[in-house]
Amino acid sequence: MLEGLGDGFVMGHKIIIRSLIICLLYIAPVYAEGGEHANEPTHEVIIHKKVEEPEFLKESSREKHPLPEGLPKSNHNEYDSLEKNAQLYLNQGINQYNNQKFMGAIPFYKKAIDLSPTMLKAWYWMGKSYYQAGMMEEAFSTWKRAITLGEINKNEEISKKLKAYYLESRELPISYESLAILSGNTIGKICFSGPAGLATDNDGYIYLASYSGQILKLSPTLNLVLRIGGGKLQQPYGICVDKNYNIWVTDKALHKVVKFSPEGRFLLEIGHQGYKTGEFSFPKAIAVDSKGNVFVADTGNSRIQKFNKNGKFIACIGRLGHSSNGLYHPRAILVDSKGFIWVADSWKRSLFKFDEQGEVKEVFPVPEAQKPLALTGGNTDCFYLTTEKGSVFRFFPTTNEWTKIEIKSKEQRKSLCGIAINHYGYLYLSDFNANLVEFCIPSLNKQLNFNVNIERIDISHFPLITHQVSVTTGDKTPLIGLDSCNFKVGENTLVMKPLGVKQIIKDTHHIMISFVLDNCNQMYPFRQRLKRMFVLFSKRMELGIDEVSVLGVNKKEITEIQPDTFSRVKIERVINHLSLEEGHSDEVIYRGVIGCIDTLLKKNTRKAVVVVTHGQNGEVTSLYKQCKYFAMNNSIPIFVVDLRDEGESVLLKEMALSTGGKYYVLNDYFQGSRIRSDIEQLTHRQVKYLLTYKAEAHNYKWEKSWVRTVVMAGYKDMVSRDVNGYFVPEGKGSDGTYFRMRAEKYSEWKAQQEAEKLEKQRAWEERLMKQESGEAAKEKEEAAKEKEEEKPKPKPKPKAGGHGGGHH
């Protein structure tokens with residue numbers, strides 16, 4: 001008995017020990033991850049030394065690293081994988097990028113790559129930060145490394161982004177695809193008939209001359225902006241817009257030219273029917289040159305007439321003749337940047353080239369012997385010509401070559417009387433017989449869709465979040481005219497429409513202009529010119545709109561001469577604060593420009609930089625290239641005013657023109673007021689959208705936690721998106737006062753909901769019990785009845801003195 005008991009006792013202990021081991025193996029991972037409280041938030045913050053830039057991709061990169069400073073600590077940080085730590089560094093770098101601290105973001109990306117060398121997102125974001133900072137060689141080197149990782153094909157979104165930046169193509173498209181069609185037959189606020197001439201202005205807006213006696217100003221996406229006419233027109237045909245946004249129109253029926261202000265107000269008219277100078281016979285096309293002179297195709301009189309901006313006749317160009325140099329039916333006209341006048345003659349089916357004196361230089365037959373109807377200049381050194389058969393040709397005057405453009409559209413083009421191409425590269429066609437206007441984009445752009453880029457996230461008014469977004473086509477052409485219907489914003493799994501969409505340029509008149517003034521001794525002889533320049537510039541400043549700052553630079557120092565101001569008087573007196581003593585330094589000027597751009601990037605306005613210097617022909621340095629590309633990649637034009645006595649500063653001129661600005665020579669004839677008007681016109685590429693939305697309650701996280709955001713943009717069948725994120729600001733998270741109150745209210749509501757649920761549960765159970773007790777009693781009663789019925793009934797007893805009991 002004892003031996004049997006001992007064996008059983010030992011076996012019982014073994015079973016207990018095995019059970020304990022199994023339980024420990026089961027619950028150990030749970031406690032390793034924080035147990036049942038693993039998903040609960042924590043408010044601990046890791047404090048450690050400042051992040052140091054690592055040796056890039058060194059062999060010891062797999063060593064354990066502390067988490068970035070300021071990030072919330074995980075309850076199981078000792079078990080975190082290298083990839084999770086790398087993601088934390090990546091988020092910190094993206095946060096620096098969103099605050100326009102491009103170079104400050106680089107160490108965080110490097111730290112992330114140091115932990116996870118194949119982390120594609122870190123490579124992509126590091127290249128993007130280099131790119132925005134103007135460090136092109138580093139950016140392309142980083143992206144090239146990202147492409148060779150082998151992970152690029154697994155992420156279609158980043159692959160597409162890298163193609164937009166790294167594998168860019170600058171070839172002119174040979175085919176376009178129709179993106180939108182505006183029909184004049186549609187009943188609504190945009191109704192027209194007989195669409196003829198088309199024109200575009202410096203901001204990309206489209207102007208349509210319609211036989212219905214009106215001019216329509218349209219957005220690049222063909223939305224109505226302004227209706228012009230006011231009874232002054234009968235059959236407008238040709239149209240153009242000068243550099244001051246004045247609108248010139250030819251009226252074929254009234255035989256005259258009419259000029260309107262940018263707001264559509266009537267200014268003047270020229271001519272009437274006749275054959276003398278200043279008179280017209282069925283005028284059709286019209287064009288202006290850079291000096292403001294107006295050229296009219298006087299079709300019925302077979303000539304071109306030239307007028308000044310006030311409508312005064314200057315000269316006649318061309319003459320009637322059946323010879324090769326004679327005009328017969330001039331139908332279209334344009335003036336190129338060199339002053340040559342190009343005329344398309346529909347009767348002779350040729351393109352004529354005239355010099356400024358009106359002499360024929362060359363004649364080019366139109367391909368396929370088609371009749372030309374309209375002519376326009378492109379955003380490059382080429383022309384676009386339409387014909388009566390619906391064909392579109394591109395002509396290169398430098399090589400005298402023609403290229404036929406393929407237009408992919410469901411509509412059959414019949415008579416293209418108007419053509420325009422704006423500086424964004426969009427092509428517009430007006431079909432007179434089909435009564436429609438067509439909006440086309442290069443086919444490559446449509447195949448690549450367009451690129452959405454989140455440039456900045458503003459959380460200063462949290463929980464209101466503002467994303468600064470740029471939307472460009474495949475060749476980095478800005479897409480303007482979008483509204484809230486074209487955007488969606490997502491946080492984690494929630495998708496919403498933005499509360500408001502503001503477009504910088506269209507909705508913002510505020511302009512910030514930063515002057516970088518060479519405060520060296522070589523500028524001293526030009527003090528009077530400088531003073532006159534600032535006086536003329538200040539007179540053109542618009543009060544409450546133009547905000548100007550002046551930075552003085554020389555070989556010794558960079559000083560702020562005038563902080564941001566709206567005051568004209570302070571700008572006039574800038575010259576009084578110059579020392580003009582130290583020597584000149586090109587490198588310091590570049591650093592001053594970089595500093596101004598860095599400051600301007602934080603402003604949601606139109607912006608420009610003006611450099612005033614006694615330019616030097618130095619060498620191309622890395623700082624020069626960074627300065628130039630920093631401005632280019634952030635769409636900030638640089639205007640250079642050169643005070644040298646003779647020659648030009650090649651580097652400064654190249655910087656100005658490549659960034660979309662202008663180069664001036666400050667001589668006695670220079671008008672400082674030109675700078676202000678040129679800035680107004682040349683900031684058209686600063687097309688940014690400000691998307692504002694309110695973070696939803698269930699997305700509020702603990703302070704300093706990371707929130708992933710997505711911005712999606714769509715137009716017609718083009719769509720794109722970009723991913724970014726932000727850290728919930730300190731004191732604004734779920735542990736902040738406001739959110740704690742909300743959490744308490746939510747807890748009260750949740751407790752009330754639970755109490756109501758329990759009450760309903762109890763009531764249901766009581767009803768069930770009552771129901772069950774009633775049914776049981778009824779069954780018991782029925783069973784008793786059945787049992788009673790089943791019992792045998794007793795036999796009745798015989799009565800006494802029965803039938804056989806008596807005797808007679």
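Start by selecting R606: with a relative accessibility of 5%, this arginine counts as buried. Keep in mind as you click around that you're looking at a predicted model.

**Stop 1: around R606**

With R606 still highlighted, add E680. The two form a salt bridge, and their closest N and O atoms sit 3.6 Å apart. This pair links distant parts of the chain: R606 belongs to strand β33 (residues 606-613), E680 belongs to helix α13 (residues 673-682), and 74 residues separate them. Is E680 buried or partly exposed? At 28% relative accessibility, E680 counts as partly exposed, while R606, at 5%, is buried.

Now widen the selection to E542, D546 and R676. Together with R606 and E680, they are linked in a network of salt bridges, so show side chains for the whole group, given that side chains of opposite charge can pair when their charged atoms come close.

**Stop 2: K256 and E269**

How many salt bridges are there by the rule used here? The count comes to 15. For another one of them, select K256 and E269, where the closest N and O atoms are 3.0 Å apart. K256 lies in strand β8 (residues 256-260) and E269 in strand β9, so this salt bridge ties together parts that are 13 residues apart in sequence. Turn on a surface and look at both ends of the pair. K256 counts as buried, at 11% relative accessibility, because the cut-off for buried is under 20%. E269 is partly exposed, with a relative accessible area of 42%.

**Stop 3: along helix α14**

Next, select residues 737-790, which make up helix α14. Pick out E759 and R762 on this helix. Their side chains meet in a salt bridge, 3.6 Å from N to O. Both residues lie in α14, 3 residues apart, which is about one turn of the helix. R762 is partly exposed, its relative accessible area being 45%.

Then follow the helix to E790, which is also in α14. Is E790 buried or exposed? E790 is exposed, with a relative accessible area of 65%. Add E779, E782, E786 and E789 to the selection: with E790, they gather in a patch of negative charge on the surface. Colouring by charge is a handy way to view this group.

**Stop 4: two positive phi angles**

Time for some backbone. Select F282, in the loop between β9 (266-270) and β10 (286-288). F282 has a positive phi of about 50 degrees, although it is not a glycine. Its side of the story on exposure: F282 is partly exposed, with a relative accessible area of 40%.

Now jump to R349. Where does R349 lie? Look in the loop between β15 (341-345) and β16 (350-354). R349 is not a glycine either, yet its phi is positive, at about 50 degrees. R349 is partly exposed, with a relative accessible area of 33%.

**Stop 5: a cis peptide bond**

For the last stop, select F462 and P463 and show the backbone atoms. What is the peptide bond from F462 to P463? This bond is cis, with omega near 15 degrees. P463 is found in the loop between β25 (451-461) and β26 (464-472), so centre your view there to finish the tour.

Technical notes: Residues are numbered from 1 along each chain as its sequence is written. This is a predicted model: local features need pLDDT of at least 70, side-chain atom pairs count only at pLDDT 80 or more; totals for chains, interfaces and linings use all residues. Side-chain values use heavy atoms; hydrogens and water are left out. Patches are made of residues with over 30% relative accessible area and no salt bridge: like charges are joined within 9 Å, nonpolar side chains (Val, Leu, Ile, Met, Phe, Trp, Tyr) within 5 Å. Accessible areas come from the Shrake-Rupley method with a 1.4 Å probe; for residues, only the protein chains shown count as cover. A salt bridge is a side-chain nitrogen of Lys or Arg within 4 Å of a carboxyl oxygen of Asp or Glu. Lys and Arg count as positive and Asp and Glu as negative; His and the chain ends are not counted. The place of a charge is taken as NZ of Lys, CZ of Arg, CG of Asp or CD of Glu. Helices (H or I, at least four residues) and strands (E, at least two) are DSSP runs, numbered from the N terminus. Buried means under 20% relative accessible area, exposed over 50%, partly exposed in between (1.4 Å probe, protein chains only).
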